[in-house]
Every structure is written in structure tokens, then in C-alpha cells.
Amino acid sequence: MSTATVIIGEDYMEKLHEVAEKEITRRVDLSKDIFRETVCSIYGVQSEKKNTHLGSGTLVSWNSNIWLLTARHLLESGRNATEFFAVSERCERPITLSRRFVKSDEETDLAICALNVSESPALVAKPIDARKFFTYPKPCNGRGIATIGWPNTKNKIDQYAVIMTPMIVSGPQKTAESLGDDINDDERYVFQKFYEKDALDQKGKQINPPKLTGLSGGLTFDLGNPIDPKIISEEAEFSVHPVGICTKYDPHRRVIRSTRPATFILDVIESGIPLEV
């Protein structure tokens, strides 16, 4: 009796996993266009003829202000750069980021700067309201999570012609406790399991995943419970919710870690540090 029960249980779990994978893939495909104009690519100018792709940036709005959120270590990696600039998939021109970034501590690993009123339209960008980060679904193993950015270091800028390889990486959420980390880390970070076979470009096509270093600064969003019977059976609409800014990839555990930026954003606002161009 007990052996039969175990076999039935294993079959059930395997089927459940297949359903969850299929549903997450469907949701990624449906949501790939939602944030394609929210995330941009950041480069450092090392010399007159050399531009180095550093990673991604996420555009957010606060009242009438437009800010660019990214990872602090991304800027530190380009400390020899004489200039930084951002481009998007359909930008009219690169946007210079010569102004001073406000940076968090190393553990939070975030940085932010302001864009002026002409720069956001030039990026053909659609910022998300920063307040959306202030609430988030309860962390739970198995929830659908995805991160969007431009991690391909072969990205190039050639006479202002943009050649980019954007991608979305999806995978199940992991709680801090399940990873053996401090349980309080769920309040600061979002953890996403990474599976290479789930690498998609923004047309929903599967691609061979490049190194994920440049994914830092990209946007992580929640796709909901992938085994919700009502949504699966009716293929109903589901909501996507921004939850973090990608700040780290652990290749040993194959886990993408994203920082929840709400506390950092509020600290910057309350400190009175000007975020104006």
C-alpha cells in the first residue's frame, strides 16, 4: 500500500511540474511585451572607439519624475569609463548618464539617477510607477518569476545603430529559508531559480542563454501561481507585478537574486538628496 501511494505521488508531482512549466511559459509569452520598453541597456565608454556593455537599467516614475534604477556593482564594474549611456530597443538616440548616481550600500546593491523631460521620450520608454514595488505577493516556493534585461555582452553600438539581444529568464521562486538563507532575506530580496532551457528572447523564442552578468539592473516580476486551476482551465488574464531589480546571479545554486527597491527609493526621497537633472 505504501509503495503504491509513493508511486502515485511521484506521478502526480511530475504531472504537476509539467503543468506548472507549461503555464509559466504561456505567461512569459503573454507578458513579454509589457516591460520591453521599461528596461534599457547600459554601456560604459572606455575610449573614443570602445563601448562596453555593462548591463541593464529599469525606468521608474515618481509623480512627474523619471528615474533609472540599476545595480550599483554594474557602475563599479565600469569605473574606468569616461561616460555612461543608455539605449533601448527602439530609442531615437543614446541617453548620456553623466550625472551623479545615488548609490545604496553594497549589500542592497542599487543605484538611481534622474532623466530629464526630453530623455525618456527619446528612449521610447514606458516607466513603471515606483510605488508598485511597495507591495508584493507573499514569497512562496514555486510561484512564477521572470527577469527581463539585456545580458548578452555581444551587444554593440555602431554609429548609433542599436543591435541588442533582449531576453527574459523565467523560473520558480525560491524562499530564503528553502535556500538555507536568513528567512528575513525574503523582505529584502526575491530569489528565482534559473534553468537554462527557459531562456527566451523578447519574441518568445527559446535561445541559448548567454552569461547572465549583464542581466544586473533588469526588472524582476511576479507571474503568479502557475498551477491556479481557474486561470489554466480558462486561460484567463493574469496580473504581472514588479518585485525587484536584478543584482546577483549565483552560478553554483543557479539562483538569480533581485533586490526589492522600495526601502532604497524611500530612503533617497526622505534624505532630500536631489534626483533632478
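Guide: Two strands pair if DSSP finds at least two bridges between them; strands are DSSP runs of E with at least two residues, helices are runs of H or I with at least four, and both are numbered from the N terminus. The model is predicted, with local features needing pLDDT of at least 70 and side-chain atom pairs pLDDT 80 or more, while totals for chains, interfaces and linings use all residues. Residues are numbered from 1 along each chain as its sequence is written, and side-chain values use heavy atoms, with hydrogens and water left out.

Visitor: How do you know that β12 and β13 pair?

Guide: Strand β13 covers residues 189-193, and 2 bridges join β12 to β13. The requirement is at least two, so the two strands pair. They run antiparallel, and Gln173 stands opposite Gln192 in β13.

Visitor: How many bridges join β9 to β12?

Guide: Strand β9 (residues 144-149) is joined to β12 by 6 bridges, and these strands run antiparallel. Ile148 has Ile168 in β12 as its bridge partner.

Visitor: Why is β12 called largely enclosed?

Guide: A residue is buried under 20% relative accessible area, exposed over 50% and partly exposed in between (1.4 Å probe, protein chains only). In β12, residues 167-174, 6 of the 8 residues are buried, so the strand is largely enclosed by the rest of the structure.

Visitor: Which residues of α5 are buried, and what do they pack against?

Guide: The buried residues of α5 are Ala262, Phe264, Ile265 and Val268. They pack against β3 (65-71), β6 and β7 (110-115), where contact means heavy atoms within 4.5 Å. After α5 comes Gly272, with a positive phi near 80°.

Visitor: What makes the phi of Val124 worth a remark?

Guide: Most residues other than glycine have a negative phi. Val124 is not a glycine, yet its phi is positive, near 50°. Val124 sits in the loop between α3 (119-122) and β8 (128-129).

Visitor: Why is Val124 called partly exposed?

Guide: The relative accessibility of Val124 is 22%, so it counts as partly exposed.

Visitor: Where is Arg254, and what is the sign of its phi?

Guide: Arg254 lies in the loop between β16 (241-250) and β17 (255-259). Its phi is positive, about 55°, although Arg254 is not a glycine.

Visitor: How do you know which accessibility class Arg254 belongs to?

Guide: Arg254 has 41% relative accessibility and therefore counts as partly exposed.
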